[in-house]
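User: Could you take a close look at the nonpolar core of this chain for me? I'd like one connected account, with the cut-offs spelled out.

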Amino acid sequence: MRLSLDRRWLVKLATVALLVPLSLASAQRGSTARAVSRTTADAIVDTLRLYYLGYAIGRETYELGPAASGFALTADFEYNDRGRRTHLAGSMLLRRDYSLQRLQVERLTDSTRTVETRVEIDGGRATVERRGDTTGVEVPPLAFAISPYAPVSQHLALLRYWMAHGRPASLAVVPGGPVNAVHIAVSGRDTVRAGGRRIVLDRYAIDGVVWGIEYLWIDGEGRLAAFTTAGGGGLSLEAIRTELEPAYSQLMRRAAAAAMADLARMSRLVQPVASGLVALVGATLIDGTGNAPVPNATVVVNGGRVVAAGPAASVAVPAGAERIDASGKTIIPGLWDMH
């Protein structure tokens with residue numbers, strides 16, 4: 001087993017956008033762009049079935065069509081998970097190049113309507129309102145707005161904006177911290193069967209909207225076919241157009257395979273800091289037992305296992321060990337988020 005001091009690459013593994021060969025991206029670029037141009041003149045009205053951890057929990061109905069200034073998207077997103085009802089209404093006003101004028105997401109109950117997120121972009125400035133707090137954010141020329149996770153159909157508008165602006169390597173998205181860098185890439189092409197039909201879908205990977213890669217499938221008419229967060233930073237949320245629901249399991253398997261392939265590829269790019277017998281010296285040690293932190297600690301690792309840990313005065317560096325200066329750093333046990 002190999003040891004790496006810098007664990008920041010683990011976060012990158014969870015969030016990096018899939019890289020694909022240029023030939024694949026070029027081959028798919030033409031067909032999807034033509035599909036988008038065929039559908040922009042008419043409104044798209046679709047219903048998505050929502051899944052959470054593999055269980056059907058609700059639906060989203062959305063409409064994307066022409067408006068006075070360009071295009072408008074309206075969405076009604078509702079699900080019930082273990083007795084807890086979530087109901088959101090979303091709207092987007094887009095210019096003719098799909099750049100965003102206004103985004104608004106409201107949380108609905110039987111008696112109230114509360115704005116969760118509102119964003120307006122005008123030139124190089126965005127006004128962002130979230131849960132009552134309003135801030136002004138400077139944004140670059142390529143900027144969009146999306147509320148994480150829901151409504152799902154926002155991602156279709158994001159993809160169309162990306163396509164309409166030359167498929168840039170990255171674009172800024174608000175709200176973020178204050179701005180997120182989002183990367184979109186062609187991830188693959190999947191053929192599934194639903195309703196006795198063979199359906200070809202283009203798959204895209206979206207990195208940066210949430211913590212983790214999201215996958216979006218678009219059909220030959222430029223309509224949103226399916227979506228999944230692929231179990232990124234949160235629990236897995238999926239959506240699929242109702243008439244394609246028989247293909248749900250097929251597409252989720254494709255998303256899982258794509259994510260695993262990317263993790264495997266990235267792991268091959270990471271070079272270990274050291275392996276074998278290693279001594280980390282000078283760091284502050286938190287051993288996870290509740291004891292006070294240990295300054296100037298020594299941690300000895302042999303073959304991937306910690307064999308000794310404690311104050312430098314009491315833990316000797318073994319002969320032949322590779323010595324790594326970890327001064328100014330903190331060593332903690334590995335953590336696993338089990339919610």
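**Surface and core**

Analyst: Happy to, starting from the outside: the chain exposes about 16,900 Å², and carbon and sulfur atoms supply 54% of that area (Shrake-Rupley method, 1.4 Å probe; for residues, only the protein chains shown count as cover). This is a predicted model, where local features need pLDDT of at least 70 and side-chain atom pairs count only at pLDDT 80 or more, while totals for chains, interfaces and linings use all residues. Residues are numbered from 1 along each chain as its sequence is written, and side-chain values use heavy atoms, leaving out hydrogens and water.

Of the 339 residues in the chain, 46% are buried, meaning under 20% relative accessible area, against over 50% for exposed and in between for partly exposed (1.4 Å probe, protein chains only). The secondary structure comes to four helices and 22 strands, taken as DSSP runs numbered from the N terminus (helices H or I, at least four residues; strands E, at least two).

Now to your core. The largest nonpolar core has 54 residues, and Y62, L94, F144, L158 and V174 touch the most other members. Such a core is a set of buried Ala, Val, Leu, Ile, Met, Phe, Trp, Tyr and Cys residues joined through side-chain atoms within 4.5 Å. Helix α3 (residues 154–164) gives this core its largest share, seven residues. Leaving aside residues up to four places away in sequence, L94 touches L64, S69, G70, F71, S99, L100, Q101, F144 and A157, a contact being heavy atoms within 4.5 Å. A second, separate core holds 19 residues, including L201, I240, A255 and A258.
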